[in-house]
Amino acid sequence: MRKTAPGSLAIAALVGAMALASPSRAQTDDITQTVARLAYFTGTVSYSRGDAPDDWQPASLNFPMTLGDRLYTAKGSRLELQTEGGAIYLASDTDLAALDLTDDVTQLSLGAGSASFLIRRLDPGESFEVDTPNAAVTFDKPGEYRIDVDRDGNTRIAVRRGHAYVAAAGGEVPLAAGQLMEVEGIDSPVYDFAALPRQDSWDRWVATRASRLRDAGRYVNPDIAGVDDLNEYGRWSQVPGYGTCWSPANVEAGWQPYRAGRWAWQDPWGWSWISSEPWGWAPYHYGRWVTARSHWYWVPVGPAVRTIRYAPALVAFVGGPGFSPSVRVGSGGYVGWFPLAPRDPFVPWWGAGAHAAAGPNVTYVNRTHVTVVSQNNFVSGAAVATHVIRDANTVREISRAPAIRGPIPVVPIAASIRVSTKKVPAPRPPAATLERAVVVRRAPPAAPAPFRVKETVIRENRGAPVAPAQAARLPAEKREIRATRPVVSEEGRVTFAPRNARAAVPAPVPVTRALPPGRARREVEPAAVKGAGEEQKKGQDKGQDKGQDKDKGHKPDAKEKR
């Protein structure tokens, strides 16, 4: 458990109780889907949404990656994703897709390239699976893992800390800390164990990025992504009545939350805030905002809060002329919103609680800080800061309008689902990578319905997002997020085998046809594993003595010298 400053735990519990940091589980109990934050990248990174898979666009900072979305890092690029339980790092020439992302299941496909995984928390019943062209890797414990996939689909799995299972061709093999496994072949894969090589330039870059996560701040729930940015871009202060709060530094006069960014549509949550600020994740999807001493302060979710939930934004929407489902986009309507304070009621515009009442005569603390844009700019995903309505009469009229309860009566258009405001070509993964199937231990859900299909339903719903149950009934062609092959092709048939039958490596255990969510993995460590581990340790020490620095999965370009 993370250490806290004297007395801060009590303050955190108080603030956590006051601040509905995110919608409660009861309010959104029909939505288990979640997101990963696109936290940092260099170079050229392409993004394909699950509901528009053929539209590859430039990636955008702070965009929430969810079910069906796909990332591709072009040559010389690097990327960091953050989750509520850790981080994922992608090297150049890497293709990653979200086959499933829920509260209990993280299932990713790695079609090519190199990815490192830092898992800080993995609760009992949680499943974290990474599927490659010839193996399905399940992380069994928190730890540090790396997976490399070469051009032929061969896989290499390294466990520096933690424990994993590697499944292929009907069988699975345990992989302990300090071990490395190489899996070769697609139809008849074979495996071998090897010594962990010394860290290369990619490992060192990952270690540098990961070190930031250890300085996430002692005032915030450790499961909230993006907290590591706050120390760099702001300061912590004591605010009477709210405890230790954070405020951004070096902002312009008149700055306020939810202005530096834009709105985008993402089912099943609907309208979602995409911040253009490098720190703009935790303060906009968790916690609340207050003003004190002429500054804005973010009131975080404290370490004592046991359950956190992602929210697309924590604001109250208000409207003026044209803010009605009966008025078409382009009619000159307006959309307004303001940040919620800790004691303000929050009624989600998505999920089971979307039509709940917040109670009569609600007085919102930040009601005088309304941001207003035209409905056209809102739905088109235009940058808010450059399109804020300044006319005093219009802003006054919008500010006096009732706060919206439930779905926001503004229907998205094709521009609402754009990942980036940049309208430039984005590189696609090679055709062979796009079309190559991956091996799955767990059958992933179908891909999301295309937006063109959902758009009609959203209009009929008067602006309400498409709920998961409703999406499952849409008359759309069921398709896979990417092609998959099950680990088990025939019950009881195992063709996964060691490359050298005489090697002291563990034998594969038959895989059951399906792994239900929440099933505890068995802790198996055959005697052969211990022997192999000792040999690997000797080989590792020997390799280090010789200055060994191998990296089969990630080949650096000219700018990335080891």
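Two strands pair if DSSP finds at least two bridges between them, and helices (H or I, at least four residues) and strands (E, at least two) are DSSP runs, numbered from the N terminus. The views below show a predicted model, in which local features need pLDDT of at least 70 and side-chain atom pairs count only at pLDDT 80 or more, while totals for chains, interfaces and linings use all residues. Residues are numbered from 1 along each chain as its sequence is written, and side-chain values use heavy atoms, with hydrogens and water left out.

**View 1. A hairpin formed by strands β2 and β3.** Strand β2 (residues 45-49) and strand β3 (residues 52-58) run antiparallel and are joined by four bridges. Within this pairing, Y47 has Q57 of β3 as its bridge partner, and the hairpin connection from β2 to β3 passes through two residues. These are two of the structure's elements, for the protein contains 10 helices and 30 strands.

**View 2. The two faces of helix α8.** In helix α8 (residues 451-460), the buried residues are F451, K454, V457 and I458, where buried means under 20% relative accessible area, exposed over 50%, and partly exposed in between (1.4 Å probe, protein chains only). These four lie on the same side of α8 because they cover an arc of only 120 degrees around the axis, the arc being that of the directions from the helix axis to the C-beta atoms. An α-helix has 3.6 residues a turn, so residues three or four places apart point the same way. On the other side of α8, R452 and E460 are exposed. The buried residues of α8 pack against β20 (261-266) and α9 (468-472), with contact meaning heavy atoms within 4.5 Å. Just after the helix, R462 adopts a positive phi of about 60 degrees.

**View 3. Aromatic pairs, with F317 and F378 as one of them.** The whole structure holds 36 aromatic pairs; rings of Phe, Tyr and Trp (its six-membered ring) pair if their centres lie within 6.5 Å, and planes under 30 degrees apart count as stacked, over 60 as edge-to-face and the rest as tilted. F317 and F378 form an edge-to-face pair, at 6.1 Å centre to centre and with 85 degrees between the planes. Because F317 lies in strand β24 (residues 315-319) and F378 in helix α5 (residues 375-379), the pair ties together parts that are 61 residues apart in sequence. F317 counts as buried at 2% relative accessibility, and F378 is buried with a relative accessible area of 2%. The pair of F346 and W349 is also edge-to-face, since the ring centres are 5.9 Å apart and the planes stand at 85 degrees; F346 and W349 are both buried.

**View 4. The largest nonpolar core and the surroundings of W263.** A nonpolar core is a set of buried Ala, Val, Leu, Ile, Met, Phe, Trp, Tyr and Cys residues joined through side-chain atoms within 4.5 Å. The largest such core has 63 residues, and those with the most contacts inside it are W263, W337 and F378. Strand β24 supplies the largest share of this core, with four residues. Leaving out residues up to four places away in sequence, W263 touches several residues, among them W271, W273, F317, W337 and F378. Another core, of 46 residues, lies apart from it and includes L90, I119, F128 and V137.

**View 5. Loops with unusual backbone geometry.** Most residues other than glycine have a negative phi, and most peptide bonds are trans. The peptide bond from D267 to P268 is cis, with omega near 5 degrees, and P268 is found in the loop between β20 and β21 (270-275). A169, although not a glycine, has a positive phi of about 45 degrees and lies in the loop between β14 (163-168) and β15 (171-176). R293, likewise not a glycine, has a positive phi of about 55 degrees; its place is the loop between β22 (288-292) and β23, where R293 is partly exposed, with a relative accessible area of 48%.

**View 6. L314 in its loop.** L314 sits in the loop between β23 (295-299) and β24 and is buried, with a relative accessible area of 1%. The C-alpha atoms of L314 and S272 are separated by 9.6 Å, while these residues are 42 residues apart along the chain.
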